Amino acid sequence: EMDLTKDQKYAERMARLRKLHQMRNEAKTQNHKEVIEEDSRKKLPSNWETRKKRADYIVAEEAAREVAATQNLDYDRLKLLEVTASDAERLERKKRKTNMDRGFSNFESQTARQYNRLVKSLGPKHLEKYNKQRIEQENADFIEPYATTIQMRKDNPDAIDNMVKDLDAQIEKRKKYSRRRTHNDDADVDFINERNSKFNRKLERYYGEHTAEIKQNLERGTAI
């Protein structure tokens with residue numbers, strides 16, 4: 001009976017030893033796998049995780065848009081219906097915070113802003129041509145200092161047409177600007193302060209067309 005007990009203890013110890021060996025091998029395999037993954041992550045760009053999340057979001061959105069198109073549904077409208085009022089207000093605050101453009105401050109800065117915007121719209125091809133013409137003009141001024149720019153230069157008809165198109169686009173864009181809205185004393189008072197007034201206008205902009213009938217029923221007193 002004592003020998004049998006020794007055999008049982010020996011078998012139990014060997015089983016525990018085999019289990020420890022198995023756990024050690026699994027740990028080595030897992031560590032090796034994690035080392036390879038970490039080395040692969042180090043070789044990726046620093047913003048890889050953000051780019052991957054953005055790519056996954058775009059793929060999921062495109063798939064949802066295709067599903068909505070097969071069902072003859074407006075995906076943008078469905079997406080807006082899932083946005084709560086608090087989320088809309090939070091996104092609006094975030095836009096105002098990230099928008100560093102403070103608008104008009106003075107005519108000097110306004111002119112500089114417009115100049116930079118027009119230069120950006122030219123593109124690299126036009127900028128190369130401009131730099132080439134500027135160098136030629138500087139050389140010409142050095143050779144003939146008393147000659148004027150108008151006498152020595154002829155504008156390209158295509159450049160004149162592009163300038164006219166840009167001016168027309170600026171005029172059309174200026175027409176779309178709306179004036180500052182004045183306060184309407186006859187409008188319904190449905191707010192308690194200025195912040196609540198802005199919030200109500202935002203709700204009306206997002207959900208007004210969906211709640212118009214409910215609002216009319218409440219005003220008439222016929223709502224169920």
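Is M163 buried, partly exposed or exposed, judged by its relative accessibility? In this predicted model, M163 counts as partly exposed because its relative accessibility is 48%, a value that falls short of the cut-off of over 50% for exposed residues. The residue lies in helix α8. M163 also has nonpolar company at the surface: together with I160, V164 and L167, it makes a patch of about 330 Å².

Helix α8 spans residues 157-175, and Q170 is found there too. Here the picture is a buried one, as Q170 has a relative accessible area of just 14%, and the cut-off for buried is under 20%. The Q170 side chain is not without a polar partner, though: it makes a polar contact with the side chain of D166, at 2.6 Å. Once neighbours within four places in sequence are set aside, Q170 is in contact with Q114 and L118. So within helix α8 there is a buried Q170 as well as a partly exposed M163.

Zooming out, the fold is easy to describe. The protein has nine helices and zero strands, so a walk from the N terminus reads α-α-α-α-α-α-α-α-α, with helices and strands taken as DSSP runs. Of its 224 residues, 7% count as buried. The accessible surface comes to about 21,500 Å², and carbon and sulfur atoms account for 54% of that. As for how the chain meets itself, contacts between residues at least 6 apart in sequence were considered, and 43% of these join residues at least 24 apart.

Charge pairing comes next. Side chains of opposite charge can pair when their charged atoms come close. The count here comes to seven salt bridges. One of them joins the side chains of K52 and D56, with 3.4 Å from N to O. The two residues sit four apart in helix α2, which covers residues 48-70, and so they are separated by about one helical turn. Both ends of this bridge have some access to the outside: K52 counts as partly exposed at 40% relative accessibility, and D56 counts as partly exposed at 41%.

A similar spacing turns up in helix α4 (residues 85-98), where E89 and R93 are four residues apart and therefore separated by about one helical turn. These two form a salt bridge, the closest N and O atoms being 3.7 Å apart. The partners differ in their surroundings, however. E89 is buried, with a relative accessible area of 17%, whereas R93 counts as partly exposed at 40% relative accessibility.

E89 has another partner as well. R195 forms a salt bridge with E89, and the closest N and O atoms are 3.9 Å apart. This pair links distant parts of the chain, with R195 in helix α9 (residues 194-220), E89 in helix α4, and their positions 106 residues apart in sequence. R195 counts as exposed, at 62% relative accessibility. Elsewhere, salt bridges that share partners join E61, R65, D76 and K79 into one network.

Aromatic pairing is a short story: the count comes to one pair. It is formed by Y206 and Y207, whose rings are 6.3 Å apart centre to centre, with 45 degrees between the planes, and the pair is classed as tilted. Y206 counts as partly exposed, at 30% relative accessibility.

Finally, the backbone at N72 deserves a look. Its phi is near 60 degrees, a positive value in a residue other than glycine. N72 is found in the loop between α2 and α3, the latter helix covering 75-81. N72 is exposed, because its relative accessible area is 74% and exposed means over 50%.

Definitions and conventions. Residues are numbered from 1 along each chain as its sequence is written. This is a predicted model: local features need pLDDT of at least 70, side-chain atom pairs count only at pLDDT 80 or more; totals for chains, interfaces and linings use all residues. Side-chain values use heavy atoms; hydrogens and water are left out. Buried means under 20% relative accessible area, exposed over 50%, partly exposed in between (1.4 Å probe, protein chains only). A polar contact is a pair of N or O atoms within 3.5 Å; within protein, one must be able to donate a hydrogen and the other to accept it, and residues adjacent in sequence count only if both atoms are side-chain atoms. Contact means heavy atoms within 4.5 Å. Patches are made of residues with over 30% relative accessible area and no salt bridge: like charges are joined within 9 Å, nonpolar side chains (Val, Leu, Ile, Met, Phe, Trp, Tyr) within 5 Å. Accessible areas come from the Shrake-Rupley method with a 1.4 Å probe; for residues, only the protein chains shown count as cover. A salt bridge is a side-chain nitrogen of Lys or Arg within 4 Å of a carboxyl oxygen of Asp or Glu. Rings of Phe, Tyr and Trp (its six-membered ring) pair if their centres lie within 6.5 Å; planes under 30 degrees apart count as stacked, over 60 as edge-to-face and the rest as tilted.
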